[in-house]
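The exercises below are to be worked with the sequence and the 3D structure open. Each one sets a task and then solves it step by step.

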Amino acid sequence: QAAHSGSDPVRGYAPSMGQIFLRRFQLVTQFRSALETGQVSVHYQPKIALPSRQVVGVEALVRWRHPEFGQLDPDEFVPAVEATGLVDALTSFVMEQGLQRVRSWLDRGLRMSAAVNLSVRNLADANFPDLVAEALRRYDVPPQLLTFELTESGVMSDPERALPVLRRLHAMGVTLAVDDFGTGYSSLAYLRQLPVDEVKIDKSFVLGMGTDLSDMAVVRAIVELGHSLGLTVVAEGVEEDSAREQLVSMGCDVAQGYLISRPLSEERFEAWLRARTIRARGLRNETVLTL
Ligand code: C2E
Ligand code: MG
Ligand code: MG
Ligand code: MG
């Protein structure tokens, strides 16, 4: 009987599992050529300081314009890519694009950072800090203007390997941020031990703030915790002006979300930036970018 009940569900799920595997397999086998043929690109979402609204940097977010499946969001292909060695190529690609942007902003007198999301594999790669150092030299970008975002699960899956990598990146002066904070399991205890500079409050709490008092309490607690540890606190998922105002009143340092801008292609982001540069020049006769 145990054998019977054990085999039925497997047969029942077989078709959809097959489809999922096929699609994952296709995406993984096609990813490298997609990188090489320009199907993969990076979108940029601005981060603003609170309360000044000065643009302090961007998060670099990967996109894939697939010839068959259309525009793919990272949730649809990053997990598949992460399960292979190809994630090194993905991270390098996004980092190179981001550093190119930072260099071009510096050349125009704008000091803005680029944040790149890391995956577990990068943190397990003892050579990764060398790759980063080499790229920073090549673009002549100060390490502080490169941020890496990592998740709790990414660090905690193999802390013995991840910690030395993080310590080296931190010693180089690169900015480290914990992403999606509040959704993991070991938050408080481990945050103290990590060499990080920044904590990003998960967007689910920020989105819920307007309607859910417990989300509001979580956001407030993370701002206070972050500050007590000397960290910069970033809120992602800021969609409403009321959320921005509440974050200002809590003392949150940086905001990111659709209220400020959706992630934009390089071209559209540069246009967004230009519109603000012109406005800032007109208002104050200096290049301070504000929302
Ligand atoms: P994340 O790092 O937490 O990035 C923030 C996600 O929230 C982005 O989704 C962004 O578009 C979305 N977002 C920003 N503001 C708002 C808002 O106001 N409201 C709502 N509802 N959403 C907002 P995206 O671009 O689809 O990326 C999803 C996840 O994929 C990222 O979450 C990150 O974990 C991963 N990812 C993206 N790019 C890369 C990459 O280059 N490498 C790796 N390893 N992972 C990446
Ligand atoms: Mg992120
Ligand atoms: Mg996040
Ligand atoms: Mg995420």
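**Exercise 1.** Locate Arg 244, decide whether Arg 244 is buried or exposed, and list which residues Arg 244 touches beyond four places in sequence.

Solution.
- Step 1: In this predicted model, Arg 244 belongs to helix α11, which spans residues 241-250.
- Step 2: The relative accessible area of Arg 244 is 7%. The cut-off for buried is under 20%, so Arg 244 counts as buried.
- Step 3: Leaving out residues up to four places away in sequence, Arg 244 touches Leu 50, Arg 53, Val 238 and Leu 259.

**Exercise 2.** Two of those contacts, Leu 50 and Arg 53, lead to a loop with backbone features to be described. Find which peptide bond is cis and what the phi of Arg 53 is.

Solution.
- Step 1: Start from the usual case: most residues other than glycine have a negative phi, and most peptide bonds are trans.
- Step 2: The bond that joins Leu 50 and Pro 51 is cis, with omega about 0 degrees. Pro 51 sits in the loop between β1 (40-49) and β2.
- Step 3: Arg 53 also lies in the loop between β1 and β2. Its phi is positive, about 70 degrees, although Arg 53 is not a glycine.
- Step 4: Arg 53 has 28% relative accessibility and therefore counts as partly exposed.

**Exercise 3.** Identify which residues coordinate the magnesium ion (ligand 2), and state which parts of the chain Glu 59 and Asp 179 tie together.

Solution.
- Step 1: The coordinating atoms come from Glu 59 (OE), Asn 117 (OD1), Glu 149 (OE) and Asp 179 (OD), at 2.0 to 2.2 Å.
- Step 2: Along the sequence, the spacing of these donor residues is E-x57-N-x31-E-x29-D.
- Step 3: Glu 59 is in strand β2 (residues 55-66) and Asp 179 is in strand β6, so this pair ties together parts 120 residues apart in sequence.
- Step 4: Glu 59 has a relative accessible area of 4% and is buried.

**Exercise 4.** Find the protein donors of the magnesium ion (ligand 3), and say which residue bridges this ion and the magnesium ion (ligand 2).

Solution.
- Step 1: The donors are Asp 179 (OD), Asp 180 (OD) and Glu 236, which is listed with OE twice. They lie 1.9 to 2.8 Å from the ion.
- Step 2: The sequence spacing of the donor residues is D-D-x55-E.
- Step 3: Asp 179 is in strand β6 (residues 175-181) and Glu 236 is in strand β8 (residues 232-236), so the pair ties together parts 57 residues apart in sequence.
- Step 4: The bridging residue is Asp 179, and the two magnesium ions lie 4.5 Å apart.
- Step 5: Asp 179, at 7% relative accessibility, counts as buried. Glu 236 is buried too, at 8%.
- Step 6: Asp 180 counts as partly exposed, at 23%. Asp 180 is placed in strand β6, and its phi is near 55 degrees, a positive value in a residue other than glycine.

**Exercise 5.** Describe how helix α5 packs with helix α3 and with helix α7.

Solution.
- Step 1: Two packed helices are described by the angle between their axes and the distance between the axes.
- Step 2: Helix α3 (residues 87-107) and helix α5 (residues 128-139) pack at about 30 degrees, with axes 10 Å apart. Angles under 35 degrees count as roughly parallel, and α3 and α5 are therefore roughly parallel to each other.
- Step 3: The crossing of α3 and α5 is right-handed. Residues in the contact include Met 95 and Leu 99 of α3 and Leu 131 and Ala 135 of α5. By class, the contact has eight nonpolar, two polar and three charged residues.
- Step 4: The axes of α5 and helix α7 (residues 159-172) come within 9 Å and cross at roughly 20 degrees. That makes this pair roughly parallel.
- Step 5: α5 and α7 also cross in a right-handed way. Among the contact residues are Phe 128 and Val 132 of α5 and Val 165 and Leu 169 of α7. The classes here are eight nonpolar, no polar and two charged residues.

Definitions and conventions. Residues are numbered from 1 along each chain as its sequence is written. Chains are lettered from A and ligands numbered from 1 in the order in which they are written. This is a predicted model: local features need pLDDT of at least 70, side-chain atom pairs count only at pLDDT 80 or more; totals for chains, interfaces and linings use all residues. Side-chain values use heavy atoms; hydrogens and water are left out. Donors are N, O and S atoms within 2.8 Å of the metal (3.2 Å for Na, K and Ca); water is not among the atoms, so sites may look incomplete. Helices (H or I, at least four residues) and strands (E, at least two) are DSSP runs, numbered from the N terminus. Buried means under 20% relative accessible area, exposed over 50%, partly exposed in between (1.4 Å probe, protein chains only). Axes are lines fitted to C-alpha atoms, for helices over the stretch in contact, and angles run from 0 to 180 degrees between N-to-C directions. Angles under 35 degrees count as roughly parallel, over 145 as roughly antiparallel, 65 to 115 as roughly perpendicular and the rest as oblique. A crossing is left-handed if the near helix is turned anticlockwise from the far one by less than a right angle, and right-handed if clockwise. Contact means heavy atoms within 4.5 Å. Ala, Val, Leu, Ile, Met, Phe, Trp, Tyr, Cys and Pro count as nonpolar, Asp, Glu, Lys and Arg as charged, and the others, Gly among them, as polar.
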